[in-house]
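Reader: I've got a new model open and would like to learn how to read its features one by one. Could you walk me through it?

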Amino acid sequence: MTSLDLLLSRFSTDALAEPAPAGAVLESILSTAMRAPDHGKLRPWRYAIVQGDARRALAERVVASMKRLDPEVPQAKVEKRQSRFSTMPMTIVLGMHLRPEHKIPLLEQELAVGAAAMNILNALHATGFGGVWVSGDVAYDPELAAELGFPAPHRLAGFLFVGTPQAGAIGPKRRPVDDYVAQWTGAPVRFGADA
Ligand SMILES: Cc1cc2nc3c(=O)[nH]c(=O)nc-3n(C[C@H](O)[C@H](O)[C@H](O)COP(=O)(O)O)c2cc1C
(Lines give C-alpha, C1' and ligand atoms only; values in the text may rest on other atoms or scores of the structure.)
Protein backbone atom coordinates (compact mmCIF):
# COMPACT_ATOMS: atom_id res chain seq x y z
CA MET A 1 0.00 0.00 0.00
CA THR A 2 1.35 3.43 -0.88
CA SER A 3 1.44 6.28 1.62
CA LEU A 4 -1.36 7.93 -0.29
CA ASP A 5 -3.47 4.76 -0.16
CA LEU A 6 -2.94 4.75 3.61
CA LEU A 7 -4.20 8.32 3.94
CA LEU A 8 -7.15 7.54 1.68
CA SER A 9 -8.16 4.47 3.67
CA ARG A 10 -8.02 5.81 7.25
CA PHE A 11 -11.26 5.80 9.15
CA SER A 12 -12.33 6.35 12.71
CA THR A 13 -13.80 3.57 14.78
CA ASP A 14 -14.68 2.90 18.38
CA ALA A 15 -14.97 -0.84 17.68
CA LEU A 16 -11.58 -1.28 19.31
CA ALA A 17 -10.04 -4.36 20.89
CA GLU A 18 -6.71 -5.06 22.58
CA PRO A 19 -3.89 -4.54 21.96
CA ALA A 20 -3.21 -0.84 21.97
CA PRO A 21 0.20 0.21 20.64
CA ALA A 22 3.06 0.05 23.12
CA GLY A 23 6.79 0.64 23.39
CA ALA A 24 8.71 1.83 20.36
CA VAL A 25 5.65 1.65 18.11
CA LEU A 26 3.67 3.91 20.44
CA GLU A 27 6.61 6.28 20.61
CA SER A 28 6.81 6.43 16.80
CA ILE A 29 3.07 7.04 16.54
CA LEU A 30 3.23 9.87 19.07
CA SER A 31 6.36 11.28 17.42
CA THR A 32 4.33 12.12 14.34
CA ALA A 33 2.83 14.93 16.44
CA MET A 34 6.22 16.60 16.31
CA ARG A 35 5.76 16.89 12.51
CA ALA A 36 2.61 18.96 12.75
CA PRO A 37 2.60 22.48 11.33
CA ASP A 38 3.15 24.77 14.30
CA HIS A 39 3.34 28.57 13.98
CA GLY A 40 5.93 29.94 16.39
CA LYS A 41 7.20 26.49 17.41
CA LEU A 42 4.95 26.60 20.48
CA ARG A 43 4.34 22.82 20.42
CA PRO A 44 1.03 23.23 22.25
CA TRP A 45 0.07 19.54 22.09
CA ARG A 46 0.26 17.36 25.19
CA TYR A 47 -0.73 13.70 25.57
CA ALA A 48 -1.79 11.99 28.77
CA ILE A 49 -1.90 8.24 28.19
CA VAL A 50 -4.53 6.33 30.15
CA GLN A 51 -4.40 2.54 30.32
CA GLY A 52 -5.11 -0.35 32.67
CA ASP A 53 -6.69 0.49 36.02
CA ALA A 54 -6.33 4.23 35.40
CA ARG A 55 -9.11 3.90 32.82
CA ARG A 56 -11.67 3.35 35.56
CA ALA A 57 -10.40 6.38 37.45
CA LEU A 58 -10.67 8.49 34.29
CA ALA A 59 -14.20 7.19 33.68
CA GLU A 60 -15.16 8.25 37.23
CA ARG A 61 -13.82 11.77 36.64
CA VAL A 62 -15.70 11.95 33.35
CA VAL A 63 -18.94 10.86 35.02
CA ALA A 64 -18.43 13.43 37.80
CA SER A 65 -17.93 16.07 35.11
CA MET A 66 -21.12 15.03 33.29
CA LYS A 67 -23.13 15.33 36.51
CA ARG A 68 -21.51 18.64 37.39
CA LEU A 69 -22.37 20.07 33.97
CA ASP A 70 -25.89 18.67 33.96
CA PRO A 71 -27.31 17.39 37.24
CA GLU A 72 -30.27 16.01 35.23
CA VAL A 73 -28.10 14.03 32.80
CA PRO A 74 -29.85 10.76 31.86
CA GLN A 75 -28.43 7.70 33.62
CA ALA A 76 -28.22 5.79 30.31
CA LYS A 77 -25.90 8.46 28.89
CA VAL A 78 -23.75 8.34 32.03
CA GLU A 79 -23.47 4.55 31.89
CA LYS A 80 -22.59 4.56 28.19
CA ARG A 81 -19.77 7.04 28.66
CA GLN A 82 -18.53 5.34 31.81
CA SER A 83 -18.38 2.04 29.97
CA ARG A 84 -16.53 3.50 26.97
CA PHE A 85 -13.92 5.29 29.05
CA SER A 86 -13.27 2.29 31.27
CA THR A 87 -13.09 -0.33 28.51
CA MET A 88 -11.31 1.25 25.54
CA PRO A 89 -7.84 -0.33 25.34
CA MET A 90 -6.19 3.08 25.64
CA THR A 91 -7.32 6.67 25.90
CA ILE A 92 -5.05 9.52 24.94
CA VAL A 93 -6.17 12.74 26.60
CA LEU A 94 -5.52 15.53 24.10
CA GLY A 95 -4.24 18.47 26.10
CA MET A 96 -3.59 21.94 24.76
CA HIS A 97 -0.92 24.02 26.47
CA LEU A 98 -2.19 27.38 25.32
CA ARG A 99 -0.57 30.80 25.55
CA PRO A 100 -3.34 33.39 25.19
CA GLU A 101 -0.88 36.25 25.64
CA HIS A 102 1.36 35.08 22.80
CA LYS A 103 1.45 36.90 19.47
CA ILE A 104 0.49 33.65 17.73
CA PRO A 105 -3.32 33.68 17.76
CA LEU A 106 -5.03 31.11 19.99
CA LEU A 107 -6.83 29.68 16.99
CA GLU A 108 -3.51 28.85 15.35
CA GLN A 109 -2.32 27.18 18.55
CA GLU A 110 -5.50 25.08 18.60
CA LEU A 111 -5.18 24.24 14.91
CA ALA A 112 -1.65 22.95 15.55
CA VAL A 113 -3.03 20.63 18.25
CA GLY A 114 -5.62 19.40 15.76
CA ALA A 115 -3.03 18.84 13.07
CA ALA A 116 -0.88 16.85 15.50
CA ALA A 117 -3.85 14.70 16.50
CA MET A 118 -4.56 14.02 12.84
CA ASN A 119 -0.98 12.83 12.38
CA ILE A 120 -1.48 10.44 15.29
CA LEU A 121 -4.71 9.08 13.81
CA ASN A 122 -2.94 8.50 10.49
CA ALA A 123 0.03 6.89 12.23
CA LEU A 124 -2.29 4.56 14.15
CA HIS A 125 -3.81 3.46 10.87
CA ALA A 126 -0.41 3.05 9.22
CA THR A 127 0.71 0.69 11.99
CA GLY A 128 -2.42 -1.47 12.01
CA PHE A 129 -4.07 0.24 14.97
CA GLY A 130 -7.04 2.55 14.98
CA GLY A 131 -8.92 5.09 16.99
CA VAL A 132 -11.46 7.82 17.16
CA TRP A 133 -11.37 11.40 18.41
CA VAL A 134 -14.23 12.15 20.78
CA SER A 135 -15.18 15.16 22.84
CA GLY A 136 -18.61 15.91 24.27
CA ASP A 137 -19.31 18.67 26.77
CA VAL A 138 -16.92 17.12 29.30
CA ALA A 139 -14.04 18.02 27.01
CA TYR A 140 -14.83 21.68 27.65
CA ASP A 141 -15.17 21.38 31.43
CA PRO A 142 -12.28 23.40 32.92
CA GLU A 143 -12.56 21.46 36.19
CA LEU A 144 -12.06 18.10 34.49
CA ALA A 145 -9.20 19.57 32.46
CA ALA A 146 -7.52 20.76 35.67
CA GLU A 147 -8.01 17.37 37.34
CA LEU A 148 -6.22 15.77 34.41
CA GLY A 149 -3.31 18.22 34.54
CA PHE A 150 -4.45 21.01 32.24
CA PRO A 151 -5.44 23.99 34.41
CA ALA A 152 -6.57 27.19 32.64
CA PRO A 153 -5.50 28.67 30.31
CA HIS A 154 -4.72 25.15 29.15
CA ARG A 155 -7.63 23.13 27.85
CA LEU A 156 -8.60 19.78 26.43
CA ALA A 157 -9.12 19.15 22.71
CA GLY A 158 -10.87 15.88 23.48
CA PHE A 159 -9.82 12.27 23.78
CA LEU A 160 -8.49 9.67 21.37
CA PHE A 161 -9.82 6.16 21.98
CA VAL A 162 -7.10 3.85 20.71
CA GLY A 163 -6.75 0.12 20.07
CA THR A 164 -6.95 -2.49 17.33
CA PRO A 165 -9.96 -2.15 15.02
CA GLN A 166 -12.23 -5.16 15.33
CA ALA A 167 -12.67 -7.27 12.20
CA GLY A 168 -15.17 -5.69 9.86
CA ALA A 169 -14.87 -2.19 11.34
CA ILE A 170 -15.52 0.39 8.66
CA GLY A 171 -15.82 4.15 8.69
CA PRO A 172 -18.52 6.35 7.24
CA LYS A 173 -19.12 6.48 3.49
CA ARG A 174 -17.03 9.19 1.78
CA ARG A 175 -18.28 11.86 -0.57
CA PRO A 176 -16.14 12.90 -3.54
CA VAL A 177 -14.00 15.91 -2.75
CA ASP A 178 -15.04 17.86 -5.86
CA ASP A 179 -17.92 19.51 -4.01
CA TYR A 180 -15.44 20.97 -1.52
CA VAL A 181 -13.02 22.44 -4.05
CA ALA A 182 -13.37 25.45 -6.33
CA GLN A 183 -11.13 27.50 -8.57
CA TRP A 184 -10.94 31.13 -7.49
CA THR A 185 -10.79 33.30 -10.59
CA GLY A 186 -11.61 36.71 -9.18
CA ALA A 187 -15.18 36.35 -7.91
CA PRO A 188 -16.05 34.79 -4.54
CA VAL A 189 -15.96 31.00 -4.78
CA ARG A 190 -19.05 28.82 -4.35
CA PHE A 191 -19.01 25.13 -3.50
CA GLY A 192 -21.18 22.23 -4.60
CA ALA A 193 -21.33 21.12 -0.96
CA ASP A 194 -23.20 24.32 -0.09
CA ALA A 195 -25.61 24.37 -3.05
C1 LIG B 1 -12.59 17.79 17.79
C2 LIG B 1 -13.43 16.59 17.42
C3 LIG B 1 -14.33 16.08 18.32
C4 LIG B 1 -15.14 14.98 17.99
N5 LIG B 1 -16.00 14.48 18.92
C6 LIG B 1 -16.78 13.41 18.61
C7 LIG B 1 -17.63 12.85 19.59
O8 LIG B 1 -17.69 13.30 20.74
N9 LIG B 1 -18.39 11.79 19.24
C10 LIG B 1 -18.33 11.26 17.96
O11 LIG B 1 -19.05 10.30 17.68
N12 LIG B 1 -17.50 11.75 17.03
C13 LIG B 1 -16.72 12.82 17.33
N14 LIG B 1 -15.87 13.33 16.38
C15 LIG B 1 -15.86 12.75 15.03
C16 LIG B 1 -15.06 11.46 14.96
O17 LIG B 1 -13.78 11.63 15.52
C18 LIG B 1 -14.88 10.98 13.50
O19 LIG B 1 -14.16 11.93 12.78
C20 LIG B 1 -16.20 10.74 12.82
O21 LIG B 1 -16.82 9.65 13.46
C22 LIG B 1 -16.04 10.43 11.32
O23 LIG B 1 -15.17 9.38 11.12
P24 LIG B 1 -13.95 9.50 10.12
O25 LIG B 1 -12.83 10.13 10.92
O26 LIG B 1 -13.68 8.10 9.69
O27 LIG B 1 -14.39 10.37 9.01
C28 LIG B 1 -15.03 14.40 16.70
C29 LIG B 1 -14.09 14.91 15.79
C30 LIG B 1 -13.31 16.00 16.14
C31 LIG B 1 -12.31 16.53 15.14
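Author: Let's go through the annotated span, the ligand shell, the backbone oddities and the core. Keep in mind that this is a predicted model.

Reader: Fine. Which residues does the UniProt domain annotation cover?

Author: The unreviewed UniProt entry records "domain: Nitroreductase" for residues 18–163. In the model, the C-alpha atoms at the two ends of that span are 6 Å apart, and the span is 45% helix and 18% strand.

Reader: Now the ligand. Which residues surround it?

Author: Start with a list of neighbours, then ask what kind they are and where they come from. Here the ligand is surrounded by Phe11, Ser12, Val132, Trp133, Val134, Ser135, Gly136, Gly158, Gly171 and Pro172. By type, the shell has five nonpolar residues, five polar and no charged. Strand β4 (residues 130–134) gives the largest share, three residues.

Reader: On to the backbone. What's the usual pattern for phi and peptide bonds?

Author: Most peptide bonds are trans, and most residues other than glycine have a negative phi. So you look for exceptions to that.

Reader: Where are the cis peptide bonds you'd point to?

Author: One joins Glu18 and Pro19, with omega about 0°. Pro19 sits in the loop between β1 (16–17) and α2 (23–31). Another joins Ala152 and Pro153, where omega is about 10°; Pro153 is in the loop between α6 (142–148) and β5 (155–165).

Reader: And which residues have a positive phi although they aren't glycine?

Author: Lys41, at about 50°, and Arg43, at about 45°. Lys41 belongs to the loop between α2 and β2 (45–50), and Arg43 is found in the loop between α2 and β2 as well.

Reader: Are those two buried or exposed?

Author: Count the C-beta atoms around each. Lys41 is exposed, because just 7 other C-beta atoms lie within 10 Å, and 12 or fewer counts as exposed. Arg43 has 15 other C-beta atoms within 10 Å, so it is partly exposed.

Reader: Last one: how many residues are in the largest nonpolar core, and which have the most contacts inside it?

Author: The largest nonpolar core has 37 residues, and Leu94, Val113, Ala117, Ile120, Leu160 and Val162 have the most contacts inside it. The elements giving two or more residues to this core are β2, α3 (54–69), β3 (90–96), α5 (106–126), α6 and β5. The largest share, eight residues, comes from α5.

Reader: What does Leu160 touch, leaving out residues up to four places away in sequence?

Author: With those left out, Leu160 touches Thr91, Ile92, Leu94, Ala117, Ile120, Gly131 and Trp133. Trp133 also appears in the shell around the ligand.

Key
Residues numbered from 1 in each chain as written. Predicted model: local features only at pLDDT ≥ 70, side-chain atom pairs only at ≥ 80, totals over all residues. UniProt positions renumbered as here; feature names shortened; annotations may be inferred. Helix = DSSP H or I, 4+ residues; strand = E, 2+ residues; numbered from the N terminus. Near = placed C-beta within 6 Å. Nonpolar A, V, L, I, M, F, W, Y, C, P; charged D, E, K, R; others polar. Buried ≥ 20, exposed ≤ 12 C-beta atoms within 10 Å, placed from the backbone. Core = buried A, V, L, I, M, F, W, Y, C linked by C-beta atoms within 7 Å. Contact = placed C-beta atoms within 7 Å.
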